[in-house]
Amino acid sequence: MKIYPNQINLLLELISSNKIKGVLFYGPNSGLISAIVKEIVTKLELVSSNIEYSDLDDAYIFGKAGELNFFNKKELIRVSSVKTTITQNIKIALSECKNWNIFCFVTENSLPINGIRSFFESKPYLVSIGCFFENNIGIKNIVINKITKNNFSIMQDALQFISTKFEGDNALLENELE
């Protein structure tokens with residue numbers, strides 16, 4: 001299944017209702033990826049761990065897929081530096097795991113439609129999210145929505161300055177707007 005970064009609430013609902021076993025984050029906007037992963041961990045009160053894709057072996061993936069951690073809590077396992085394809089054993093583990101943990105596969109590359117991206121978008125228990133940089137218009141919309149939501153106003157010159165300064169960096173923009 002494919003969803004978009006602005007559908008974070010849908011993603012949180014899918015994970016909390018145990019409908020999703022894994023998420024693929026791809027694209028060059030690592031700040032946005034980090035912000036979404038942090039929000040998932042915080043809002044769902046998950047334990048978080050990290051592993052590089054090159055260090056991922058069958059014992060690890062099947063172990064994490066089939067059991068809760070030591071604290072008996074759901075865990076978000078962030079798998080970094082993912083390639084364009086994944087092994088058959090990872091596909092099996094994701095299809096057979098019990099939804100106890102959530103796997104987040106992360107790559108800062110724009111992935112082709114085939115390979116890992118196709119696998120994640122074709123399964124109802126998996127999600128792919130493309131994370132690309134916002135243009136000036138997208139940044140302006142984020143700022144306007146945040147300011148309007150908090151009953152503030154902004155001068156057009158200030159809005160132009162912000163959209164130019166923060167173009168593409170969602171995480172820094174969100175941090176500054178807080």
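This is a short tour of selections to make in the viewer, moving from a covered strand to helices and side-chain pairs. The model is predicted.

**Stop 1: strand β2**

Select residues 22–26, which make up strand β2. The strand is mostly covered, with five of its five residues buried. Now colour its two sides separately. Gly22, Leu24 and Tyr26 sit on one side. Val23 and Phe25 sit on the other. Both faces are covered, and each of these residues is buried.

**Stop 2: the partners of β2**

Which strands does β2 join? Add residues 102–107, strand β5. Five bridges link β5 to β2, and the two run parallel. Pick Val23 to find your place: Cys104 of β5 stands opposite.

Next add residues 126–130, strand β6. Again there are five bridges to β2, and again the strands run parallel. Use Phe25 as the marker here; Ile129 of β6 stands opposite.

**Stop 3: strand β4 and Glu75**

Move to residues 75–80, strand β4, and pick Glu75. Is this acidic side chain buried or exposed? Glu75 has a relative accessible area of 4%, so it counts as buried. Show Ser49 as well. The side chains of Glu75 and Ser49 are joined by a polar contact of 2.6 Å.

**Stop 4: the salt bridges**

Side chains of opposite charge can pair when their charged atoms come close. How many salt bridges does the structure hold? There are two.

Start in helix α2, residues 30–43, and show Glu39 and Lys43 as sticks. Their side chains meet in a salt bridge, at 3.0 Å from N to O. The two residues are four apart in the helix, about one turn. Compare how each is covered. Glu39 is at 25% relative accessibility, so it counts as partly exposed. Lys43 has a relative accessible area of 52%, which makes it exposed.

Now go to helix α5, residues 116–122, and show Arg117 and Glu121. These residues form a salt bridge, with the closest N and O atoms 3.0 Å apart. They too are four residues apart, about one turn of the helix. Arg117 is at 15% relative accessibility and therefore counts as buried. Glu121, at 22%, counts as partly exposed. The cut-off explains these labels: buried means under 20%, and partly exposed lies between that and 50%.

**Stop 5: helix α7**

Select residues 156–165, helix α7, and look along the axis. Leu159, Ile162 and Ser163 are buried. Why do they belong together on one side? They cover an arc of only 95° around the axis, so they fall on the same side of α7. Turn to the other side of the helix. There you will find Asp157, Phe161 and Lys165, which are exposed.

**Stop 6: from α7 to α6**

Keep Ser163 selected, one of the buried residues of α7. Add Asn141, which lies in helix α6, residues 136–149. Run a distance between the two C-alpha atoms: they are 9.2 Å apart in space. In sequence, Asn141 and Ser163 are 22 residues apart. Asn141 is at 41% relative accessibility, so it counts as partly exposed.

**Last view**

Finish with three selections on screen. Show β2 with β5 and β6, joined to each by five bridges. Show Glu75 with Ser49, joined by their polar contact. Then show the two salt bridges, Glu39 with Lys43 and Arg117 with Glu121.

Terms used
Residues are numbered from 1 along each chain as its sequence is written. This is a predicted model: local features need pLDDT of at least 70, side-chain atom pairs count only at pLDDT 80 or more; totals for chains, interfaces and linings use all residues. Side-chain values use heavy atoms; hydrogens and water are left out. Buried means under 20% relative accessible area, exposed over 50%, partly exposed in between (1.4 Å probe, protein chains only). The arc is that of the directions from the helix axis to the C-beta atoms. Two strands pair if DSSP finds at least two bridges between them. A salt bridge is a side-chain nitrogen of Lys or Arg within 4 Å of a carboxyl oxygen of Asp or Glu. A polar contact is a pair of N or O atoms within 3.5 Å; within protein, one must be able to donate a hydrogen and the other to accept it, and residues adjacent in sequence count only if both atoms are side-chain atoms.
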